[in-house]
Amino acid sequence: MTTIVVGMQWGDEGKGKIIDILSEKADIIVRYQGGNNAGHTIVLPKEKFILHLIPSGILHKNKKCVIGNGVVVDPQSLIEEIVDLKKRGIEIDKNLLISERCHLIFPYHRILDKLREKKGLLKIGTTGRGIGPCYADKVSRCGIRFADLYSNDFKKKLKNNIKEKNAVLKTYGFKGFVFTEVYEQYQEFGERLKSYVCNCAAILNKAIGNKKNVLFEGAQGTLLDIDYGTYPYVTSSNAIAGGVCAGAGIAPTSIDKIIGVIKAYTTRVGEGPFPGQFSPKLMREFQHLGKEYGATTGRARRCGWFDAVLARHSVKINNLKTIAITKLDVLSNCETIKICTGYRYKNEVLKDLPADSDILFHCQPIYEEYAGWQEDISQIKEYKNLPDSAKKYLCKIEKLLMVKIKIVSVGSERGQTIFI
Ligand code: IMP
Ligand code: MG
């Protein structure tokens, strides 16, 4: 059985928690895109983990965790994550596998990412981790992969790249990198990570053939997808479910199930259009109640009501039939709750997400209003015990999206979950 868990908004939907719960029944958990721009938070009774590169399944014993070829890896950040997890008693060496085809993030990618944000004409509000520049090199065919680290060509490839990047960096007034320093550092990283590096696609396809349970952990979300997100305010990978095939080496016919994860309201970090973003006062309340601060950069997330136009787009692109809805508890104590069901743009009503971000910047949300609930729902374990107005809200979402809600999360801990 293969299952994909995919984000339906702009990331931070609470995928980490859902993956953690589903990992219990999985044999292998796989990341297929993104890099350490992701921050997946898992809250256990006594401690909290934030994972950036290693699949969230690592917290369960004896689960293989795969970093698929579609992920861009900053080896320094990965080593730090490994060291930190080991210190906290998590078994890594037997369980972590990294694809030899993963592209590596180099210091010049990080600098270029930051400089472009500072001096560029278009500010995206990236995480500054070098993700975009690394994927750009992959597509330009000058990227360096794990396999290269262990080949004689590594020296030549890195030399060429540093020469090219230094020329660009000079135009920004930055002095550039010294080849030998980077070379030696990455050789050391290569040695430290060598035992994890392998042909992951072969291992995964064999496991799928043997009817193992494989769980694919999406990072970011559909609206940040390079093709189907709010381009150009997106990340540089295919965060949609379709990204699994290229990002892990799996055929479309090998996918059994896709679960979308969506928050009971909407958030976004960084720049880009966000119809219906709250006024500053309401936004501060949601940031506080929902702890809406980035797990990777600490930035405050922008917040708004549930947006069914965006959600329907994700339902279509990922062909979703079942979804998990998270952070319903954050809506408690709202007198009224709104759902955006369409956009007003000039004299038209739009029911679909426009491809052009300039149009989206000028869309006005059309809302339907619902009565809220005043009870604390964070300890409720069964759907039937939810307040009527919460049930009505969930039913409305099911109707608008034409999906079934199978999981409702009412708090950050594993136990604060309602299965329907
Ligand atoms: P990048 O992925 O660092 O290039 O950032 C591109 C955009 O995606 C920025 O708006 C980031 O804030 C956003 N982004 C990237 N990763 C995440 C994530 O894991 N959660 C939420 N937003 C993200
Ligand atoms: Mg996150």
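# Close-up views of a predicted model

**View 1. T322 stands opposite K404 in β19.** The two strands concerned, β15 and β19 (residues 404-409), pair in the parallel sense over four bridges. The model is predicted: local features need pLDDT of at least 70 and side-chain atom pairs pLDDT 80 or more, while totals for chains, interfaces and linings use all residues. Residues are numbered from 1 along each chain as its sequence is written, chains are lettered from A and ligands numbered from 1 in the order written, and side-chain values use heavy atoms, without hydrogens and water. Strands (E, at least two residues) and helices (H or I, at least four) are DSSP runs numbered from the N terminus, and two strands pair if DSSP finds at least two bridges between them. β19 also joins β20, through three bridges and in the antiparallel sense; here V408 faces I418 of β20.

**View 2. Ten strands are arranged in an open sheet with mixed pairing.** Read across the sheet, their order is β9-β7-β5-β2-β10-β1-β11-β15-β19-β20. At the edges stand β9 (197-198) and β20 (417-419); each has a single partner strand, so one side of each is left without a neighbour in the sheet. Elsewhere in this order, β2 and β5 (residues 64-67) run parallel and are joined by four bridges. I28 is placed opposite K64 of β5.

**View 3. β3 and β4 form a hairpin, with four residues between them.** Their pairing is antiparallel and extends over four bridges. V43 has K48 of β4 as its bridge partner. Strand β4 (residues 48-51) shows two faces: F49 and L51 make up the covered one, whereas K48 and I50 make up the uncovered one.

**View 4. Sixteen residues surround ligand 1.** Those that come nearest are D12, N37, T127, T235 and R299; a residue is near if one of its heavy atoms lies within 4 Å of the molecule. By type, the shell divides into six nonpolar, eight polar and two charged residues. Here Ala, Val, Leu, Ile, Met, Phe, Trp, Tyr, Cys and Pro count as nonpolar, Asp, Glu, Lys and Arg as charged, and the others, Gly among them, as polar. Nitrogen atoms of the ligand take part in two of the pairs shown here: a polar side-chain atom of D12 lies 3.3 Å from a nitrogen atom of ligand 1, and one of Q220 lies 3.1 Å from a nitrogen atom of the ligand. An oxygen atom of ligand 1 is 3.1 Å from a backbone N or O atom of V269. The protein covers 97% of the 470 Å² of accessible area (Shrake-Rupley method, 1.4 Å probe) that ligand 1 has on its own.

**View 5. The magnesium ion, ligand 2, is coordinated by D12 and G39.** D12 contributes OD and G39 contributes O, at 2.2 to 2.6 Å; donors are N, O and S atoms within 2.8 Å of the metal (3.2 Å for Na, K and Ca), and sites may look incomplete because water is not among the atoms. D12 lies in the loop between β1 (2-7) and α1 (15-23), and G39 in the loop between β2 (28-31) and β3 (40-43), so the pair ties together parts that are 27 residues apart in sequence. With a relative accessible area of 23%, D12 is partly exposed, whereas G39, at 16%, is buried. Buried means under 20% relative accessible area, exposed over 50%, and partly exposed in between (1.4 Å probe, protein chains only).

**View 6. Helix α1 is mostly covered.** Eight of its nine residues are buried, namely K15, G16, K17, I18, I19, D20, I21 and S23.

**View 7. Two residues other than glycine have positive phi values, K211 and N333.** Phi of K211 is about 65°. K211 belongs to the loop between α8 (200-209) and β10 and, at 70% relative accessibility, counts as exposed. For N333, phi is near 80°. This residue is found in the loop between β15 (322-326) and β16 (336-345), and N333 is likewise exposed, with 55% relative accessibility.

**View 8. Y231 and P232 are joined by a cis peptide bond.** Omega is about 5° at this bond. P232 is placed in the loop between β10 (214-217) and α9 (243-248).

**View 9. S254 lies in the loop between α9 and β11 (257-263).** S254 is buried, its relative accessible area being 18%. Its C-alpha atom is separated by 40 Å from that of V182, and the two residues are 72 residues apart along the chain.

Technical notes. Polar contact = N/O pair within 3.5 Å; in protein donor to acceptor, adjacent residues only side chain to side chain.
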